[in-house]
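Here are some short exercises to work through with the viewer open. Try each task before you read its solution.

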Amino acid sequence: MANSLQARKRVKQTRRRTEVNRARRSRIRTFLKSVEEAVDSGDRQRAASALAAAEPEVMRGVTKGVLHKNTASRKISRLSARIKSMDG
C-alpha cells in the first residue's frame, strides 16, 4: 500500500480516472456496436446515421486519451467503407 500522502492521493486519482475511462470506452463501444448491427442488418440509412452519431463520440475518446488517434481513424474509416460497399 502507498505510504506517503501524495502516493495515497495518486492511488485515489488513478482509481477515479480508471472508472471514468472505463465508462467512456464502454460508451464508445456501444456506439460502434450500433453501427455494426445496422450494417449487418443491411439497412444503409440506419447505418449511416449510426456512424454519424458514433464518429464524434469516438473522436471525443481521442481527445480524452482513451483511444489513440490512428485507432479511432481506422475504426471510422473501416466502418464508413463497409457502409459505402452496401448495396441500396
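Helices here are DSSP runs of H or I with at least four residues, numbered from the N terminus. Keep in mind that this is a predicted model.

**Exercise 1. Find the loop that holds G65, and decide whether G65 is buried or exposed.**

Step 1: G65 sits in the loop between α2 and α3.
Step 2: The cut-off for exposed is over 50% relative accessible area.
Step 3: G65 has 57% relative accessibility, so G65 counts as exposed.
Step 4: For its place in space, take N21, which is 44 residues from G65 in sequence; their C-alpha atoms are 8.5 Å apart.

**Exercise 2. Check the length of α3 against the span expected of a helix.**

Step 1: α3 has 17 residues, and the expected span is 1.5 Å times one less than the number of residues.
Step 2: That gives an expected 24 Å for α3.
Step 3: The end C-alpha atoms of α3 are 24 Å apart, which agrees.

**Exercise 3. Work out how the buried residues of α3 are arranged around its axis.**

Step 1: List the buried residues of α3: A72, I76, L79 and I83.
Step 2: Look down the axis of α3; these buried residues fall within an arc of 70°, so they line one face of the helix.
Step 3: Recall the general rule: an α-helix has 3.6 residues a turn, so residues three or four places apart point the same way.
Step 4: Turn to the other side of α3, where R78, K84 and S85 are exposed.
Step 5: Ask what covers the buried residues of α3; the cover includes α1 and α2.

**Exercise 4. Describe how α2 and α3 pack, from their axes to the residues in contact.**

Step 1: The axes of α2 and α3 come within 10 Å and cross at roughly 175°.
Step 2: Angles over 145 degrees count as roughly antiparallel, so α2 is roughly antiparallel to α3.
Step 3: On the α2 side, the residues making the contact include R44, A47, L51, E55 and V58.
Step 4: On the α3 side, they include K69, A72, I76, L79 and K84.

**Exercise 5. Which members of the largest nonpolar core touch the most other members, and which elements supply the core?**

Step 1: The core has 16 residues, and V35, V39, A47, L51, V58 and I83 touch the most other members.
Step 2: α1 (5-41), α2 (44-63) and α3 (69-85) each give two or more residues to this core.
Step 3: Zoom in on L51, leaving aside its neighbours within four places in sequence: L51 is in contact with V35, I76, L79, S80 and I83.
Step 4: One of these partners, S80, is in helix α3. With a relative accessible area of 25%, S80 is partly exposed.
Step 5: S80 and V35 are 45 residues apart in sequence, while their C-alpha atoms are 9.6 Å apart.
Step 6: A general tendency fits here: in soluble globular proteins, nonpolar side chains tend to be buried together.

**Exercise 6. Follow α1 from its length to the residue after it.**

Step 1: With 37 residues, α1 reaches 54 Å from its first C-alpha to its last, close to the 54 Å expected.
Step 2: Its buried residues are V20, N21, I28, L32, V35, A38 and V39, and what covers them includes α2 and α3.
Step 3: For contrast, pick R29, also found in helix α1. R29 has 55% relative accessibility, so R29 counts as exposed.
Step 4: After α1 comes G42, with a positive phi near 90°.
Step 5: G42 is in the loop between α1 and α2, and at 44% relative accessibility it counts as partly exposed.
Step 6: To finish, relate G42 to K9: the two are 33 residues apart along the chain, and their C-alpha atoms are separated by 50 Å.

Methods: Residues are numbered from 1 along each chain as its sequence is written. This is a predicted model: local features need pLDDT of at least 70, side-chain atom pairs count only at pLDDT 80 or more; totals for chains, interfaces and linings use all residues. Side-chain values use heavy atoms; hydrogens and water are left out. A nonpolar core is a set of buried Ala, Val, Leu, Ile, Met, Phe, Trp, Tyr and Cys residues joined through side-chain atoms within 4.5 Å. Buried means under 20% relative accessible area, exposed over 50%, partly exposed in between (1.4 Å probe, protein chains only). Contact means heavy atoms within 4.5 Å. The arc is that of the directions from the helix axis to the C-beta atoms. Axes are lines fitted to C-alpha atoms, for helices over the stretch in contact, and angles run from 0 to 180 degrees between N-to-C directions. Angles under 35 degrees count as roughly parallel, over 145 as roughly antiparallel, 65 to 115 as roughly perpendicular and the rest as oblique.
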